[in-house]
Amino acid sequence: MRLRSRGRLVAITAAIALMSTACAGQGQGGGDAGAANGPVTLKFWNGFTGPDRAAVEGIVKKYNASQNKVRIDMEIMPWDVFFEKLLPSLGSGTGPDIAAMDTAQIPQYAARNVFQPLDDAYGPQGVDPNALVRSAVDATTFKGKKYGVPMNFTTLKLYWNKDMFREAGLDPEKPPADWDEFGSYAKKLTKDDDGDGKPEQYGLAIADHATIAMWPILFWQNGGGVVSEDGRTATLDDPATIEAARHWADLITKDKIAPVGLGGADADKLFQSKKAAMEIVGPWMTTGFKQAGIDFGIAMPPAGPKAQVTLGTSVAFTLSARAVGAKKQAAENFFAYWNSKESQTYWSVNSGFPPNRTDLTADALKGNPYSALFGQDADKSRFYLAGVQEFQKVNETIFEPALQRVLNGKGDVEQVFGQADKDIQTVLDNAQ
Amino acid sequence: MGQDNRGLRLTWRILTTAIGLAIALAMLFPLVWMVATSLKPESEIVSFPPKLLPTTFTLDNYTGVWERLPFTRLFLNTVVFAGTVTVCSLLFDSMTAYALARLRFRGKGVVFVLVLVLLMVPFQVTLIPLYDLLAHLGWINTFQGLIVPRLTNAFGIFFLRQFLLSIPRDLEDAARVDGASEFRIYWRIVMPLAVPALLTLGLFHFMYNWNDLLWPLIISQDASRQTLPAGLALFMGQHVVEYGPLMAASVMTLLPVVVFFIIIQRRFVAGVATTGIR
Amino acid sequence: MTTSVTTAAKPVARRTRAGSARRRQARAAWLFMLPTLVVLGVFVVWPMLQALYLSFTDYQVFAPARWIGLGNYQKLLSDPAFGNALVNTLYYAAVTTPVSVALALGLALMLNRPMPLRGFVRTAVFVPVVISLAIVAIAWSFLLDPDIGLLSYWLSKVGIVSGQGWLRDPSLAMPAVMLVGIWKNVGFYMVMYLAGLQSIPTALYEAARVDGAGAWPQFRRITWPLLANQTMLIVILAAISTLQAFDQIFVMTHGGPFFRTETLVMMTYRVGFKEFQFGYAAAVSWALVLLIFVLSMLQTAYFRKRAVTY
């Protein structure tokens, strides 16, 4: 009896140990074995969970069918899940070969040598940089090298709800043209009928955290910004930035033209539920707003006192530093296919994003009116925190909380932004 | 006098019933809302003023779940993950608890303190080193990677040890005098007595792993190994959230645990009761 | 003669038999624990020790770790973010622990007596325990949304208006996540109290009633002291779990607005996973482990001192 019981325990333990070693052996067998014969398989992760998902899947499917040397094995997940999984997996070599991400996120990884430079992916044989939107290509640059190839590019535009404009006595076909109109329209569109101090309808939905950059556009329009264009100097305490922040913060806190504390999804939801009349956001929301039955217009955001400018934003392919040899070649082949005329036409028509290429005719894109709209004024767009190494720290740890403090009345703009400016400068200097 | 008393008692009865009902409804409110929301079309979910019950009733969100997620696959993965972990963990936890509560040996104190310390360490601390270890073993995106680190659990050991301390030793002492092996005593005498506690702990293990998000999210890399909560996380995005299908999928994810609980409910409360914990 | 032989031989034999029995027991004990020790050792203790080592380095996940001694721990002392997270953690635990335990006791007392719908109410109170906090927190966020949230809307109908919304208002966000934490866990502690109540002999109450003691004295003199052990265990378990608060904060506020709901575990997550400062994140979490350990010891000591044995 005693013997048997011990035997059982030993057997269980042995089974565990065996399982461990067996699986360990299996794991190490992986690697680049596929390179010799059969197609090269590339793991590709991205965050296109929205209505643009189908277009991404369409191109990957076409690419896989178009040749038999490379197979793209794609996983799509929301961006926050994507980044959660990316960190441990890249660190231990179990991550994707190709990871697509906002260009502002690239330097954090590039600085830690997780990605490899992709300068040689560009050229007449591969991705032709002259045919692409210049600023999107430049945005992949970190310390003089290109670490990405554009996957998409767009500008943000002002959406406005035409029915609400009509109801407020405004011309539904005429969006605000400058800051004065922007502010006064927003005030007219804000309604607090029951007088409880909390409007039932807001003029504007603008997110202050967990969002694509919305506030920095306002700073740029006044000649300010979070950091300088070369990414070396914090400019949060520049008079231009402070003036812009104070102007809009006043409209929000005193005139209540927008609620305080919105995340990106909250702002979208507010516009979608017809509780806000205007929002500055990208082409990915057109589908959702249409489904909600909103009659909306799209235009360049109103010009500021100093500049007419909006956000340009791009998701780029990156390549893991571990993907070398055949894998690298395969990846570059895929990047070129993605940016070919044919793929870009397909992409634009099916996603509503403008094409990455500048040489497609209007006729080719007429299948989707939004594509052309969001491609307009690309030359008046600016990338947020381009080339700044510590995007996360500068944006989420310092800038957004500072902005929220101001909007919640916890300190004066000058003092809060002044401190944040110093903190950002320290981060920028440490990264040099 | 007696009449008065009866009237008072009736009022009291009605009052406590009303309070009880109010508490129950308050506790269930978010769930009721989730079920109601999963039956509304998307435009109604985000409309104002909000209503609890749908005006247009639709099952589109439920069919939408199947379009967006390999739901059956995720469901089976979750059953395999939570089920295996629960069964194995009950076995290993109880074996260890038996040793700690019933056997005399040197080093017992050290092992028990170790268990207590493990109870206090937040999981997030070990996540990265553990991931590296599993990656080294080639266990990322495998069932063994998901399951093996969970095969035993400090809380389970602690919980069962407390329980075993509370049951009388007479039977096993008699068995020991008769020369029964320790395994026989554990398996034939102590475990049958521990069934209520094992059921309770089984529910905890099952619901904890069924519901767990971060771990399966990070270890799995595609739908072949994802669990339901990890799959659900794929519905949410910074700018795009589809609430209808999200709520439908959530309801379908929560349902099995609630049903499991209702089935074992009676024995569950008994299980905690007999644990007695002293 | 024969008797003297047996009496002389017996103690020796008994001692060796006892000795071998003890050895046998020890061997059995280690065999029983073997699977657990292997799994815990390899998959929990080893990563834990690594995390401990990494807390003395500048590990950034992608590059090899560099030893910096106590650098991370020194940084903790002067980092306002750590101070903030520590205060938030203590604030969260100091409110949710006693409130959950008190509510659980009240519910258990109420639901221990026969009443209509008792089973239903018990189940309803316990259901939040078994469902996923990550999922229900999404529902809570939506319900509390100031613009289209049903709960906010109903509250505004009865005159409770949160202009900015519960989760976006810096002074209301923490109470909101506390509410969800309490809602989630109170059922668990209630069931533990119910178990304790059921183990109190009814004879004690009958005797008290004969003596003419009312409800309150009965509670003071019988129920409360006899639940002391239960209370100790519940308070310690509740404190450990509230000090590790993460799930609903992660989903509902992500630590915001401006770090007002950032607890220590949340901070570990942000610093480690988002800013890649894993060495520092490990130091933060070891500080939390130390905090939990010290508080648990203090609680144990406190309850031991007041423990009543019958």
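This is a short talk on how three chains, A, B and C, are built and how they touch in one predicted model.

Let's start with chain B. What elements does chain B have? It has 14 helices and 0 strands. Read from the N terminus, the order is simply α-α-α-α-α-α-α-α-α-α-α-α-α-α. Now the overall dimensions. Along the principal axes, the C-alpha atoms of chain B fill a box of roughly 80 × 75 × 30 Å. The radius of gyration of chain B is 24 Å. For a compact globule of 278 residues, the value would be near 19 Å. Keep that pair of numbers in mind.

Next, chain C. Chain C has 13 helices and 0 strands. From the N terminus on, its elements run α-α-α-α-α-α-α-α-α-α-α-α-α. Its C-alpha trace spans about 100 × 70 × 30 Å along the principal axes. What about the radius of gyration of chain C? It is 26 Å, where a compact globule of 310 residues would have one near 19 Å.

Chain C also comes in two parts. Domain 1 of chain C covers residues 1–47, and domain 2 covers 71–306. How far apart are their centres? Taken over C-alpha atoms, 43 Å separate the centre of domain 1 of chain C from that of domain 2.

Now let's go inside chain C and look at helix packing. Take α3(C), residues 80–112, and α7(C). Their axes are 7 Å apart, and the two helices pack at an angle of about 40 degrees. That angle makes α3(C) oblique to α7(C). The crossing of α3(C) past α7(C) is right-handed. What sort of residues make this contact? There are 20 nonpolar and 5 polar residues, and no charged ones.

Helix α7(C) has another partner to look at, α4(C). Here the axes come within 7 Å and cross at roughly 120 degrees. Is this crossing left-handed or right-handed? The crossing of α4(C) and α7(C) is left-handed. You can find the residues on the structure. From α4(C), look for Val125(C), Phe126(C), Pro128(C) and Val129(C). From α7(C), the contact residues include Trp183(C), Lys184(C), Phe188(C) and Met190(C). Also among them are Asn185(C), Val186(C), Gly187(C) and Val191(C). By class, the contact of α4(C) with α7(C) has 9 nonpolar, 2 polar and 1 charged residues.

Let's move on to the place where chain C meets chain B. How many residues are in contact? The count is 67 residues of chain C with 65 residues of chain B. Several helices of chain C each supply at least two residues to that side, among them α1 (2–54), α4 (118–130), α7 (173–198) and α13 (278–306). Others of that group include α5 (133–144), α6 (150–157), α10 (228–243) and α12 (264–274). Which helix gives the largest share? That is α1(C), with 17 residues. And the classes? The side of chain C that touches chain B has 50 nonpolar, 15 polar and 2 charged residues.

Chain C touches chain A too. There, 32 residues of chain A are in contact with 24 residues of chain C. On the chain A side, the elements giving two or more residues are α1 (2–28), α3 (79–92) and α15 (391–407). Of these, α15(A) gives the most, with 7 residues. Now the classes again. The side of chain A that touches chain C divides into 11 nonpolar, 11 polar and 10 charged residues. Set that beside the side of chain C that touches chain B, with its 50 nonpolar and 2 charged residues.

Last stop: chain A itself. Its assignment gives two domains, each in two stretches of sequence. Domain 1 of chain A is 35–153 + 314–377, and domain 2 is 157–312 + 386–431. Their C-alpha centres lie 29 Å apart. The contact between them takes 20 residues from domain 1 of chain A and 16 from domain 2. On the domain 1 side, α4 (106–110), β4 (141–142) and α14 (369–375) of chain A give two or more residues. Which gives the most? It is α14(A), with 3 residues. By class, that side of domain 1 has 10 nonpolar, 8 polar and 2 charged residues.

To recap the contacts: 67 residues of chain C meet 65 of chain B, and 32 residues of chain A meet 24 of chain C. Thank you.

Key:
Residues are numbered from 1 along each chain as its sequence is written. Chains are lettered from A and ligands numbered from 1 in the order in which they are written. This is a predicted model: local features need pLDDT of at least 70, side-chain atom pairs count only at pLDDT 80 or more; totals for chains, interfaces and linings use all residues. Two residues are in contact if their C-beta atoms, placed from the backbone, lie within 7 Å. Helices (H or I, at least four residues) and strands (E, at least two) are DSSP runs, numbered from the N terminus. Ala, Val, Leu, Ile, Met, Phe, Trp, Tyr, Cys and Pro count as nonpolar, Asp, Glu, Lys and Arg as charged, and the others, Gly among them, as polar. Domain bounds come from an automatic or database domain assignment. Axes are lines fitted to C-alpha atoms, for helices over the stretch in contact, and angles run from 0 to 180 degrees between N-to-C directions. Angles under 35 degrees count as roughly parallel, over 145 as roughly antiparallel, 65 to 115 as roughly perpendicular and the rest as oblique. A crossing is left-handed if the near helix is turned anticlockwise from the far one by less than a right angle, and right-handed if clockwise. The radius of gyration is taken over C-alpha atoms; the globule rule is 2.2 Å times the number of residues to the power 0.38.
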